[in-house]
Amino acid sequence: MKDTVRLGVVGAGNIAAKHLEALEGLAGASVVGIASRTRAKAAALAARFRIPCVADDLDGLLREARPDGLLILVSAANIAEVTRQAMRTGLPLFVEKPAGLTPAESAELARLAGELGVRSMVGYNRRYYSVFHQGIEVIRRHGPLLGLLIEGHERIDAVRAAGRQPDAVLHGWIYANATHTIDLLRFFGGEVDEMHCLAHRRREPLGDQFAAIMNFDSGALGEYSAHWLSPGGWRVMLSGQGVTVEFKPLEAGVWIDAKGQRHEIAPSEADQRYKPGFHGQMAAFCRLVRGEDPGWPAQDLAGAHRTMQLAARMTAAVADRPEGVGK
């Protein structure tokens, strides 16, 4: 077992820089090479983070840097294609979300990983928020989780106005970005046993208003709502026995005791220093590369596909509506 794992990075955008910052503060990890279609961006990150090898493509990265594991940090539009290529190396993969822009793509990647025996993690970093884990512990000290409410409002008009996303990503925004909050349903509640959805399509072809209720295998009840055309952010509320925990914004929280007293939940030092969740997420991936169990809440490509399937059930509620209703 190696004390230090050698990691290669594919992609040189803003999200790559955030991962590299977290890796810089993580013992036992060394980034030995970076590749990008835009060599200048890769070279800039290599200089900033003292990465010894800059390659033009995945083959060059493998040949020149000989990594033990790969981080696939390309755009949402290219993630499926690059992940398929990287899977052929047999190396452990960290795949930034989304694992494809459609459930069909995520299913294909999960199937291929199983066939090739490739170990994987998908980057839903909010699973590693320190405040979330503290909140879960508060609930557990008082008993089981009874209820879960998630508001996943997306600022789709602002995203479209920014003009940075290609049409395919905008069309599949529920998969490309809204799965961040949809994945939290499974993170907090467990797998969904039963789910009932309503949805409207005012402007977005796959829907822009969603309301769902569900029952989890943990015994908790859940609610999910998202109104993409209305101002608002993301919120999570956990209901326990004599205690409530709330996160809005998600990066900070409070818990309320049976007397109505409010208690702050503060993020860890690592979540204040780096992009929240990234340090813990990278530590888990390094364990995976070493051949260890990364532990909960790590999620592989098969798990990420289950989140995509939940999103697909919400979009199906749009398709099930009579023509002209909810537009």
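## A short tour from helix 4 to the sheet

Start by selecting residues 79-87: this is helix 4, and T83 lies in it. Keep in mind as you go that the model is predicted. Is T83 buried or exposed? Its relative accessibility is 0%, and because buried means under 20%, T83 counts as buried. Now show its surroundings: leaving aside residues up to four places away in sequence, T83 touches I72, L93, V95 and L109.

Next, bring up the sheet. It is open, with 8 strands in the order 8-9-10-7-11-12-13-14 and mixed pairing. Colour strand 8 (192-200) and strand 14 to see the edges, as each of these pairs on one side only. From one strand to the next, the twist averages 15 degrees.

Two helices are worth adding to this view. Select residues 179-189 for helix 10, which packs on the sheet and touches strand 7 (147-152), strand 9 (209-216), strand 10 (221-227) and strand 11. The directions of helix 10 and strand 7 make an angle of about 170 degrees. Then select residues 130-142: helix 6 lies across strand 11 (234-240), strand 12 (243-247), strand 13 and strand 14. Helix 6 runs at about 170 degrees to strand 12.

Finish at strand 13 (residues 253-256) and strand 14 (residues 262-265), which pair in the antiparallel sense over 4 bridges. Which residue in strand 14 is the bridge partner of W255? Pick H263 and you have found that partner. One more pair to click on is V254, which stands opposite E264 in strand 14. The two strands form a hairpin with 5 residues between them, and in the turn you can stop at G260, whose phi is positive at about 85 degrees.

Notes. Residues numbered from 1 in each chain as written. Predicted model: local features only at pLDDT ≥ 70, side-chain atom pairs only at ≥ 80, totals over all residues. Heavy atoms only, no water. Pairing = 2+ DSSP bridges. Buried < 20%, exposed > 50% of the residue type's maximum accessible area, 1.4 Å probe, protein only. Contact = heavy atoms within 4.5 Å. Axes fitted to C-alpha atoms, helices over the stretch in contact; angles between N-to-C directions.
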